[in-house]
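Visitor: Hi! I have this one open on my screen and would like to talk it through. Could you walk me around?
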Amino acid sequence: MESKTIRLFFIDAMRAWAILMMLQGHFVDGLLDNAFRDSGSAIYSVWKYFRGITAPVFFTVSGFIFTYLLIRNAQSATPNLRIRKGIKRGLQLVFIGYLLRINLSGLLKGQIYEATYLVDVLHIIGLSILGVITVYLLTQRLKYFVFPTVLLGISLTLFLTEPIYANYTFGFLPDFLANYFTRANGSVFTIIPWFGYASFGAFMAVLFYKFRELKNLYPLAISLSLTIGVLLLLFSSPFFAWISETRGIELFNRVALNNYLFIRLGDVLIVFAVFMMTRNLWQQNLILKIGQNTLSIYVIHFIILYGSFTGLGLYRFYNHGLAPNIVIPGAILFMALCTFLALLYSKYQKYLQGVAQQSFVEIKSFTETIGINLQRQLRILRYKALKK
């Protein structure tokens, strides 16, 4: 029987695959000249389809890995440790998401641009972690099946009701809050419906942990993932259309006409099945390190490509301006560079954090010394003025 650690190898491999797909996807989409975006091209169509799989996989895997660790730690002597870490991690991701969109030149002018408040991947993953924790806390004293049932119910509800809220602008909310629910202002992702993938990943994690000792866990999990994935991919749209026709429920017809959420969920399940089938191939140290350093890779790619803080990213200079013969090798180099820098940072992270902490202490001590000296000088000047 495989150990608990080995069972998570395929998840780290999926995270590594998803982050690398995200890097090349952002690079190509941001820099490829519009003249080469030919929907009639088989190569471009395949690339575009697989690029669309990346975000659902990333959100689902994030929900899976956090929830697996959450319920595993719940069996330990310190069940609240993972909850505290999860809350800290969720808030940290939201903070970093905003930080990456800050423009320092505007900040120095006293301006905070509207783009700073747009919502992206990190915001949604952070809020998804907080959402899973909330569901867990509300259901932890109930029967075991309630937690996964609620998680699955959230996913189905968000996916089935998407036509109702898809075009709603949430104008009654301030923009920085509305950005979490609507893309009307420019947000890349929103909590609805994308939390549905994270909650589905959390649902899968509960089942995976519940049956972790099952002898045929992987054959069963692979078979179910493949079967349900193919059914969603090929038959979910006709199924919703049939329900609409036989029951007269217009909502299901609208779901069938724009059924990207369930189709992408089918893609996610097939990807899960593929990585589970090939799990013994993904135990190389490099792959696992990439999967465990996705946040660093994401931050570095955002700075290089979009020019966080300075605005001097590749996107500014080559926005939709490069030919495929430059973009394709450029994307490969871009993935390699971001990964190398992230792993280099990981290697020296403790040292760099120590240097930063020491620098902060020294700066604080220096400013306090200056403050004390200024107060002393002010008291002397005040004394001399009163003496006159």
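Guide: Happy to. One term before we start: a residue counts as buried when its relative accessible area is under 20%. Keep in mind too that this is a predicted model.

Visitor: Good. Then where does Val327 sit, and is it buried or exposed?
Guide: Val327 is in helix 17. With a relative accessible area of 2%, Val327 is under the 20% cut-off, so it is buried.

Visitor: What does Val327 touch?
Guide: Leaving out residues up to four places away in sequence, Val327 touches Phe27, Val28, Leu31, Leu32 and Leu322. There is also a long-range pairing to look at: Val327 and Asp29 are 298 residues apart in sequence, yet their C-alpha atoms are 9.5 Å apart in space.

Visitor: Some of those neighbours belong to helix 2, I think. How do helix 2 and helix 17 cross?
Guide: Helix 2 covers residues 9–31 and helix 17 covers residues 324–347; their axes come within 9 Å and cross at roughly 135°. That angle makes the two helices oblique to each other. The crossing of helix 2 and helix 17 is right-handed.

Visitor: Which residues meet there, and of what class?
Guide: From helix 2 you have Leu20, Leu23, Gln24, Phe27, Val28 and Leu31, and they meet Val327, Gly330, Ala331, Phe334, Met335, Cys338 and Thr339 of helix 17. By class, this contact has 10 nonpolar, three polar and no charged residues.

Visitor: Many of those numbers step by three or four. Why might that be?
Guide: An α-helix has 3.6 residues a turn, so residues three or four places apart point the same way.

Visitor: Okay, new topic: helix 6. What does Ser128 do for contacts?
Guide: Ser128 lies in helix 6 and touches Ile191, Phe195 and Ala198, again not counting residues up to four places away in sequence. Its relative accessible area is 4%, so Ser128 is buried.

Visitor: And Gly131, is it buried or exposed?
Guide: Gly131, also a helix 6 residue, has 19% relative accessibility, which is under 20%, so it counts as buried. In sequence Gly131 is 68 residues from Gly63, while the two C-alpha atoms are 9.9 Å apart in space.

Visitor: How does helix 6 pack with helix 7?
Guide: Helix 6 (residues 121–139) and helix 7 (residues 146–160) have axes 9 Å apart and pack at an angle of about 140°. That makes helix 6 oblique to helix 7, since only angles over 145 degrees count as roughly antiparallel. Helix 6 passes helix 7 in a right-handed crossing.

Visitor: Which side chains should I highlight at that contact?
Guide: Val132, Val135, Tyr136 and Thr139 on the helix 6 side, and Val146, Phe147, Val150, Leu151 and Ile154 on the helix 7 side. By class there are eight nonpolar residues, one polar and no charged ones.

Visitor: Let me jump to helix 13. What does its length look like?
Guide: Helix 13 runs over residues 260–277, and at 1.5 Å a residue its 18 residues should span 26 Å; the end C-alpha atoms are 26 Å apart, which agrees. Of those 18 residues 13 are buried, so helix 13 is largely enclosed by the rest of the structure.

Visitor: Zooming out, how many helices and strands are there in the chain?
Guide: The chain has 18 helices and zero strands. Of its 388 residues, 44% are buried.

Visitor: And how much of the contact map is long-range?
Guide: Among contacts with a separation of 6 or more, 79% are between residues 24 or more positions apart.

Conventions. Residues are numbered from 1 along each chain as its sequence is written. This is a predicted model: local features need pLDDT of at least 70, side-chain atom pairs count only at pLDDT 80 or more; totals for chains, interfaces and linings use all residues. Side-chain values use heavy atoms; hydrogens and water are left out. Helices (H or I, at least four residues) and strands (E, at least two) are DSSP runs, numbered from the N terminus. The expected span of a helix is 1.5 Å times one less than its number of residues. Buried means under 20% relative accessible area, exposed over 50%, partly exposed in between (1.4 Å probe, protein chains only). Axes are lines fitted to C-alpha atoms, for helices over the stretch in contact, and angles run from 0 to 180 degrees between N-to-C directions. Angles under 35 degrees count as roughly parallel, over 145 as roughly antiparallel, 65 to 115 as roughly perpendicular and the rest as oblique. A crossing is left-handed if the near helix is turned anticlockwise from the far one by less than a right angle, and right-handed if clockwise. Contact means heavy atoms within 4.5 Å. Ala, Val, Leu, Ile, Met, Phe, Trp, Tyr, Cys and Pro count as nonpolar, Asp, Glu, Lys and Arg as charged, and the others, Gly among them, as polar.
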